[in-house]
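Open the model in your viewer and keep the selection panel at hand. Each stop names what to select, then says what is there.

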Amino acid sequence: MPGGVASLGMTDEPGSVADLIRTAAEAVIDYRAGLPHRPVAGPADRAALLAALGGPLPAGPTSPDRVIDDLVVAADPGLVATAGPRFFGFVIGGSLPAATAADILAVGWDQVAFNAISSPAASVVEEVAGGWCKQLLGIPASASVGFGTGAQSANTVGLATARHQVLAAAGWDVERDGLAGSPRVRVVASVERHATVDRSLRLLGLGNASVRPVAAGPQGAIDIDDLAKVLADEPTMPTIVVLQTGNVNTGACDDLRAAIGLARTVEHSWVHVDGAFGLWAAACPQTRALTDGIELADSWCTDAHKWLNVPYDCGLVFCADPSAHVAAASYSAAYLTGAGTAGSPSDYVLESSRRARGFAVWAALRELGETGVADLVARCCALARRFADGLAAGGVEIVNDVVLNQVLADFGSDERTDAVIDAVQREGTCWLGGTTWRGRRLMRISVSNHSTTEDDIDRSVAAVLRLAAGL
Ligand SMILES: *Cc1c(COP(=O)(O)O)cnc(C)c1O
C-alpha cells in the first residue's frame, strides 16, 4: 500500500504516533494500578510543579516522545487520585474500565460530535446511550437528550429551554427579542439549590434577583408548604420551578410529586430538576422512591461523570418537549450541512464542535447493565452508611440522615472539624472536604466511586478517628 501505516507515523520508532500512544497508555496503566496505594492527595508543591512544567514558551519544536516523557514525570506529583477508591471529596466518581478505555478511543479517533455528518458513530451512540439513560432514570422515552460538559451546562440548557417556554406562553419570543422589555420571569427555587443554578440564571439574563427563595426542610429538601406559599404570591407570572434530587450537602431529595403538582397550579410553569448525582437514585430499586414523580418534570439535568463513573467531563440534559429544547439551544448557518435539523447532537447543548462524549456513556452502561448500575448506587449508599456508622461508633456526631451517598460529620466545634479535615487531607489515606451547612462547619463525605470497598471505608474511618484523637 503506498505510504501505508509508516507514512501516518504508525511505526514503533521513537516519536511515532504508535510509540507515543503506547507510552501514554502505559503511563495510565501504571498510574491506575497504583491508585489503591498512592496517597490520595499529598499537599501539592506548586513551586516544584511550576519549575517542572513552566519556563518560557519553547522557541522551537521538541520531539514528541520527549514531550510526553516530560509530561508524565512532571505532572505526577500534582495528580490527585480522584479516580481511586478513597477520594470522598465533592461528588466525584471514578472511571469505570470500559468507560475509560472508550474515552481514550474517543480521543484517539478525534471525532467531532457536531452532527450525523461529522461523525455518524458519535451521533448514533449518543442517541442510543441517551435512550438507555432515560430508561434508567425514569425519564419519558419521548424526551430529548443532550450530552454536555457537566451539570453546569446541562442546567443552563434546561433553564434556557424553560425560559423559552414560559415566555412563549406569555406571547414573547425570547430567542428573537431577548429579555429587554420582556415579561418578568420568576424562578422559584430552594435556598439550598446548587450554586450552578445561580450562575446559569446570570448567564441567561434572568439574574439572581429573579429567584423567589423557598425554605428547605430539616434535611435540606424543599419545604412543600413554603413552596405553595411562594407560588401563590404571583400566580400569573411566568414561572420556572427548579427542584433538586440530591442536596449537595445532605443528599436529601425534593418531594417531586408534591412539588410538581403545586407548580402545575400556576398559569405558565416549567419544572426543571437538578439531579446532578441524585437522579441516579432512580436507577436503583432501594433508592427509587426518592425520585417518585420524576417523570412529571419538564427538564432534567444529571452528570455522567459523577455517579455513573464516566471520565470527566460529561453531563446530560433532558427535555420533555424536544421542540422547545431545539428552539432554545439549536443554531444553524448556511455552510453547516446537516445542522438545524432535529436530531443533531449539537442542537441540544451549548457547544457546536464537541468531543464525542457518548462513547464513554455507552461503554459504562454496557459494562454495568441495568443491574450493575443499580448495584453501583446501592453499594455507594451502603458504604456511605458504613462510613457514618464507623464515625458515630468513634463518638463523632453525624448530622444528616444518610439517605444517599452523602455524610456530614461534626467533630465538636467549627475549629476542631476544620482541623480534622486538614489533618486528613495532609495524611493521605483518604481525601474529604469541608462544608458550611446551616451555619456549622462540617466534614463532608461523598461515596461515589465504583471501586471503593468496605476495606477502603474501614481504613478511612480508622485514619479519621486516629487523626481526630491526636488533636
Ligand atoms: C455537581 C453538581 C452540579 C454541577 O455539576 P458539574 O458537573 O460540576 O457542572 C450541579 N448540581 C448539583 C446538585 C451538583 O451536585
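The tour below goes through the ligand site, some strands, a cavity, two pockets and one loop residue.

**Before you start**

This is a predicted model. Residue numbers run from 1 along each chain as its sequence is written.

**Stop 1: the ligand**

Select the ligand and show the residues around it. There are 13 of them, and Q152, D274, D303, H305 and K306 come nearest.

Now look at the oxygen atoms of the ligand. Which side chains put an N or O atom 2.7 Å or 2.8 Å from a ligand oxygen? For D303, the distance from an N or O atom of the side chain to a ligand oxygen is 2.7 Å. For H305, the corresponding side-chain distance is 2.8 Å. A151 takes part through its backbone: a polar backbone atom there is 3.1 Å from an oxygen atom of the ligand.

**Stop 2: D303**

Stay on D303 and colour its strand. D303 lies in β6, residues 299-303. Is D303 buried or exposed? Its relative accessibility is 1%, so D303 counts as buried. The cut-off for buried is under 20% relative accessible area, with protein chains only taken into account.

Draw the side chains of D303 and H305 together. A polar contact of 2.9 Å joins them. Both side chains also have an N or O atom at the stated distances from a ligand oxygen, 2.7 Å for D303 and 2.8 Å for H305.

**Stop 3: strand β5**

Next, select residues 269-274, which form β5. Six of the six residues are buried, so the strand is largely enclosed by the rest of the structure. Turn the view to see its two sides. S269, V271 and V273 point one way. W270, H272 and D274 point the other way. In a regular strand, side chains alternate between the two faces of the sheet. D274 is also among the residues that come nearest the ligand.

Add β4 to the selection. β4 and β5 pair in the parallel sense, over six bridges. For one example, pick V242: its bridge partner in β5 is H272.

**Stop 4: the largest cavity**

Keep β4 on screen and switch on cavities. A probe the size of a water molecule, rolled over the atoms, shows where empty space is left. How many cavities of 30 Å³ or more are there? The count comes to one. About 50 Å³ of space lies in the largest cavity.

Select its lining: S190, R193, H194, V197, I222, V242, L243, Q244, D254 and D274. V242, seen above as the bridge partner of H272, is one of these lining residues. D274 is another. β4, residues 239-244, gives the most to this lining, with three residues. By type, the lining divides into four nonpolar, three polar and three charged residues.

**Stop 5: strand β1**

Move to residues 144-148, strand β1. Five of the five residues are buried, so β1 is largely enclosed by the rest of the structure. S144, G146 and G148 point one way, V145 and F147 the other.

Now add residues 315-319, strand β7. β1 and β7 pair in the antiparallel sense over five bridges. Pick G146 to see one pair: its bridge partner in β7 is V317.

**Stop 6: the largest pocket**

Switch from cavities to pockets. The largest pocket has a volume of about 1,200 Å³. Its lining holds 38 residues; A24, V28, Y31, T100 and I104 lie nearest the centre.

Select α2 (17-34), α4 (64-75) and α5 (97-109): each supplies at least two lining residues. Which helix gives the most? That is α2, with 10 residues. The lining divides into 26 nonpolar, six polar and six charged residues.

**Stop 7: the second largest pocket**

Keep α4 selected and add α3 (46-53): each supplies at least two residues of the second largest pocket's lining. About 280 Å³ of space lies in this pocket. The largest share of the lining, four residues, comes from α4.

Among the lining residues are G54, G55, P56 and P58. V67, D70, L71 and A74 also line the pocket. The types are eight nonpolar, three polar and one charged.

**Stop 8: V191**

Finish in the loop between β2 (186-190) and α9 (195-203), where V191 lies. V191 has 48% relative accessibility, so it counts as partly exposed. Measure across to V125 in the viewer: the two are 66 residues apart in sequence and 38 Å apart in space, C-alpha to C-alpha.

Definitions and conventions. Predicted model: local features only at pLDDT ≥ 70, side-chain atom pairs only at ≥ 80, totals over all residues. Heavy atoms only, no water. 1 Å grid on protein atoms, 1.4 Å probe; cavity = no way out; pocket = protein on both sides within 12 Å on 5 of 7 lines; lining within 4 Å. Points joined across faces, edges and corners; volume = space filled by probe spheres on them. Nonpolar A, V, L, I, M, F, W, Y, C, P; charged D, E, K, R; others polar. Buried < 20%, exposed > 50% of the residue type's maximum accessible area, 1.4 Å probe, protein only. Pairing = 2+ DSSP bridges. Near = heavy atom within 4 Å. Polar contact = N/O pair within 3.5 Å; in protein donor to acceptor, adjacent residues only side chain to side chain.
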